[in-house]
Amino acid sequence: MMKQGKGRAALSSQPETKKFRLLAFGIARDIVGGNEVDIELTDAYSVGALKTALQENYPDFKRLKSLAIAVNETYRTDEHILNTNDEIVIIPPVSGG
Amino acid sequence: MIDIQLLTTSLDTQECIRLVEHPSSGGTAVFIGTVRDTTKGKPVIRLEFEAYKPMAIAEMQKIAETIVDRWSALKVVIHHRTGSLNIGEIAVIIAVATPHRKAAFAACEYAIDTLKETVPIWKKEIFEDGDVWVAAHP
């Protein structure tokens, strides 16, 4: 907990953790053990940071041929910044057709 | 001009061919993807398909729009099925009508190749002794 009397600058310098809810399909659903999974990110809220966190929490993601993230129904690159109200979906290698 | 469907029921080849009829069409190419009975010599019992539906439809729409732009297609139909499919059942139908035949073949091949790379649909092969998500691992 923050002590009272600390300035605004000190407050904003504290790492902030945000929780993101992800949908999972295909093998991703098997890896996380459900249709949804919550991932917490601290300070960096990019797609790249999310993928790293996923691979750290669930090492099986490292074994996949590819790992993509869709945000609001669009593929996004690692630099894309996530919002907590985005629809974020883990896209393991697709295999339609 | 473009008809995209993600269906849980049997796909209808005749319906797809009818949908791409056009007076200016000189050729229609149709790709029909079916469930094969073996993978690397191992008997397959059935396939189970699932999709991230809204994005799968959006990505198939993009493919169809590219075909209209690049090959001057008159009509493009992509119907994909989800759920449990038995051997021989149709998983996908792509039909493209163009003024000249070469464009129809090229566009149809582009459609299925791109679908397999970008459309968020996944299939699991069910074997006697287990199951495997297709193409998940290197």
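Trainee: Which elements each supply at least two residues of the lining of the largest cavity?
Mentor: α2 (26-32) of chain A and β8 of chain B. Bear in mind that this is a predicted model: local features need pLDDT of at least 70, side-chain atom pairs need 80 or more, and totals for chains, interfaces and linings use all residues. Residues are numbered from 1 along each chain as its sequence is written, chains are lettered from A and ligands numbered from 1 in the order written, and side-chain values use heavy atoms, without hydrogens or water.

Trainee: Which residues line the largest cavity, then?
Mentor: From chain A, G26(A), I27(A), P92(A), P93(A) and S95(A). Chain B brings W122(B), K123(B), W133(B), V134(B) and A136(B). Lining means an atom within 4 Å of a point on a 1 Å grid over the protein atoms alone, and a cavity is a set of points where a 1.4 Å probe fits but cannot get out.

Trainee: How many cavities of 30 Å³ or more are there, and what volume has the largest?
Mentor: The structure holds 1, and the largest has a volume of about 30 Å³. Volume is the space filled by probe spheres on the points, joined across faces, edges and corners.

Trainee: OK, pockets. How much space lies in the largest one?
Mentor: About 390 Å³. It has 19 lining residues, and R36(B), T39(B), K123(B), E125(B) and V134(B) are the closest to its centre. A pocket is an open set with protein on both sides within 12 Å along at least five of seven lines.

Trainee: Which strands each supply at least two residues of that pocket's lining?
Mentor: β2 (27-34), β3 (38-39), β4 (42-51) and β8 (121-127), in chain B. Strands (E, at least two residues) and helices (H or I, at least four) are DSSP runs numbered from the N terminus.

Trainee: K42(B) is in one of those, right? What is it in contact with, beyond four places in sequence?
Mentor: K42(B) sits in β4 of chain B. Its partners are D37(B), F127(B) and D129(B), contact being heavy atoms within 4.5 Å. The C-alpha atom of K42(B) is 26 Å from that of P120(B), 78 residues away along the chain.

Trainee: New topic: how many residues has the largest nonpolar core?
Mentor: It has 34, and I63(B), I67(B), V76(B), I78(B), I94(B), V96(B) and L115(B) have the most contacts inside it. α3(B) gives the most, 8 residues. A core joins buried Ala, Val, Leu, Ile, Met, Phe, Trp, Tyr and Cys through side-chain atoms within 4.5 Å. Another core, apart from this one, has 33 residues, including L50(A) and L82(A).

Trainee: And what does V96(B) touch outside its neighbours within four places?
Mentor: Its contacts there include G27(B), A29(B), I67(B), V76(B), A104(B) and C108(B).

Trainee: What about chain A: how many helices and strands?
Mentor: 3 helices and 5 strands, in the order α-β-α-β-α-β-β-β. Of its 97 residues, 41% are buried. Buried is under 20% relative accessible area, exposed over 50%, partly exposed in between, with a 1.4 Å probe and protein chains only.

Trainee: What is phi for D43(A)?
Mentor: About 75°, positive although D43(A) is not a glycine. D43(A) lies in the loop between β2 (36-42) and α3 (47-57) of chain A. It has 53% relative accessible area, so it counts as exposed.

Trainee: And E73(A), where is that found?
Mentor: In the loop between β3 (68-71) and β4 (74-76) of chain A. Phi of E73(A) is also positive, near 70°. Its relative accessibility is 32%, so E73(A) counts as partly exposed.
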